[in-house]
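Hi everyone, thanks for coming. Let me put the sequence and the structure on the screen, and then I'll walk you through a few places in the fold.

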Amino acid sequence: MTDIRKDSVTFYTVGEAESGQRIDNFLVRLLKGVPKSHIYRILRSGEVRVNKGRIDAAYRLQPDDQIRLPPVRVAERPENDAPAGTFPVIYEDNALLVINKPAGIAVHGGSGLSFGVIEQLRKAYPEYRFLELVHRLDRETSGLLMLAKKRSALLKLHDMMRSSTPDKRYLALGVGRWQDDKHVKLPLFKFTNAEGERRVRVADHGQDAHTIFKVQERFADFTLVEARLRTGRTHQIRVHMAASGHPIAGDDKYGDAALNRELGRRGLRRMFLHAASLSLPHPLTGEKLHFQAPLPPELAHFLDSLRQHEQNV
């Protein structure tokens, strides 16, 4: 990667699409390759100015703000070499895009991945002037994924997420027999294991997390549940199910490795977790929206095989 040295003060005019952002988040995106610690240092020192005045990191940008940037060393942005990709569209208007994400595809590049859904969509639709993820799904999880096509929609959707306004429901197949519907409220703590992989565990000093589980169908050795998120923590459903003694079938991080190998031989070669429904008001109009994504064929077929087995026993 080639470095470009900016040896003089530069100025940036804020556009309508960028208004409402915190300036620290804006600079992290603008100054790719500059460590966050340096960005916060130049903010604290007053080297970054808006409309000739000092601001703090929490300042929210307004249209036509003039940002003064000191000389910085930034890395040249690599070309987006992601292959163009399209995905089943559940809903689209001028502010919002909702797709049905397949399992096995990350939502964005990073952690050894050169691209994900967002990079592929930007390559496929260069006419979209703005396109950002509203939330995330694990790479192994399929289902409903929201993207914003306007900055104003993104900010409103993030406000909704913080207040748990969207009603997000997943279908998951747990190992063993759940006896009753239940609320699981176990705090979750993120950490990195010895192999450098991100993990989550239940810990008293973790973040509050709340999942509502409702039994949908029982089998001899499995239970299909609906998981309703009241908070949106990393790996929340997966860890809450594992901690309750019912890990998700096919979960390679928190599940039973030997059982997962057996399930692979029986046709389940992925984690059985699917973002099935989503309800929320439209971020700009307030219209009530409700989206559904059917179970992917590989999950539906596995359920059919369990039902067939039950009938034959």
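**A walk through the model**

Let's start with Asp167, which counts as buried because its relative accessibility is 16%. For the accessibility classes, buried is under 20% relative accessible area, exposed is over 50% and partly exposed is in between, with a 1.4 Å probe and protein chains only. Asp167 sits in strand S11, residues 167-175. Leaving aside residues up to four places away in sequence, Asp167 touches Arg228, Ser277, Leu278 and Ser279; a contact here means heavy atoms within 4.5 Å.

Two words on the background. This is a predicted model, so to speak of local features we need pLDDT of at least 70, side-chain atom pairs count only at pLDDT 80 or more, and totals for chains, interfaces and linings use all residues. Residues are numbered from 1 along each chain as its sequence is written, and side-chain values use heavy atoms, with hydrogens and water left out.

Now the overall view. The protein has 7 helices and 18 strands; these are DSSP runs numbered from the N terminus, H or I of at least four residues for helices and E of at least two for strands. Along the principal axes, the C-alpha atoms fill a box of roughly 75 × 45 × 35 Å. Of the 313 residues, 43% count as buried. Among contacts between residues at least 6 apart in sequence, 63% join residues at least 24 apart.

Next, please look at the first two helices by number. How do H1 and H2 pack? Helix H1, residues 23-30, and helix H2, residues 36-44, pack at an angle of about 130 degrees, and their axes are 10 Å apart. That makes H1 oblique to H2. On this scale, under 35 degrees is roughly parallel, over 145 roughly antiparallel, 65 to 115 roughly perpendicular, and the rest oblique. The axes are lines fitted to C-alpha atoms, for helices over the stretch in contact, and the angles run from 0 to 180 degrees between N-to-C directions. The crossing of H1 and H2 is right-handed, meaning that the near helix is turned clockwise from the far one by less than a right angle, where anticlockwise would be left-handed.

Who meets whom there? From H1 we have Ile23, Asp24, Leu27 and Val28, and they meet Lys36, Ile39, Tyr40 and Leu43 of H2. By class, that contact of H1 with H2 has 6 nonpolar, no polar and 2 charged residues. For the classes, Ala, Val, Leu, Ile, Met, Phe, Trp, Tyr, Cys and Pro are nonpolar, Asp, Glu, Lys and Arg are charged, and the others, Gly among them, are polar.

On to the sheet beside H1. It is an open sheet of 4 strands in the order S2-S5-S3-S4, with antiparallel pairing; two strands pair if DSSP finds at least two bridges between them. Strands S2 (10-13) and S4 (53-54) are at the edges with a single partner strand each, so one side of each has no neighbour in the sheet. H1 packs on this sheet and touches S2, S3 and S5, and its direction makes about 60 degrees with that of S5.

S5 deserves a closer look. S2 and S5 pair over 4 bridges in the antiparallel sense, with Gln66 of S5 as the bridge partner of Thr13. Strand S3 (residues 49-50) and strand S5 (residues 66-69) pair in the antiparallel sense over 2 bridges, and there Arg49 has Arg68 as its bridge partner. And which side chains of S5 are buried? Ile67 and Leu69 point to one face and are buried, while Gln66 and Arg68 point to the other and are not.

The loop between S3 and S4 holds Asn51 and Lys52. Asn51 has phi near 55 degrees, a positive value in a residue other than glycine, and Lys52 likewise has a positive phi, near 75 degrees. At 43% relative accessibility Asn51 counts as partly exposed, and Lys52, at 78%, counts as exposed.

One last stop is Phe130, in the loop between helix H3 (117-124) and strand S9 (132-133). Phe130 counts as buried because its relative accessibility is 11%. Beyond residues up to four places away in sequence, Phe130 touches Ala17, Ala148, Lys149, Lys150, Arg151 and Leu154.
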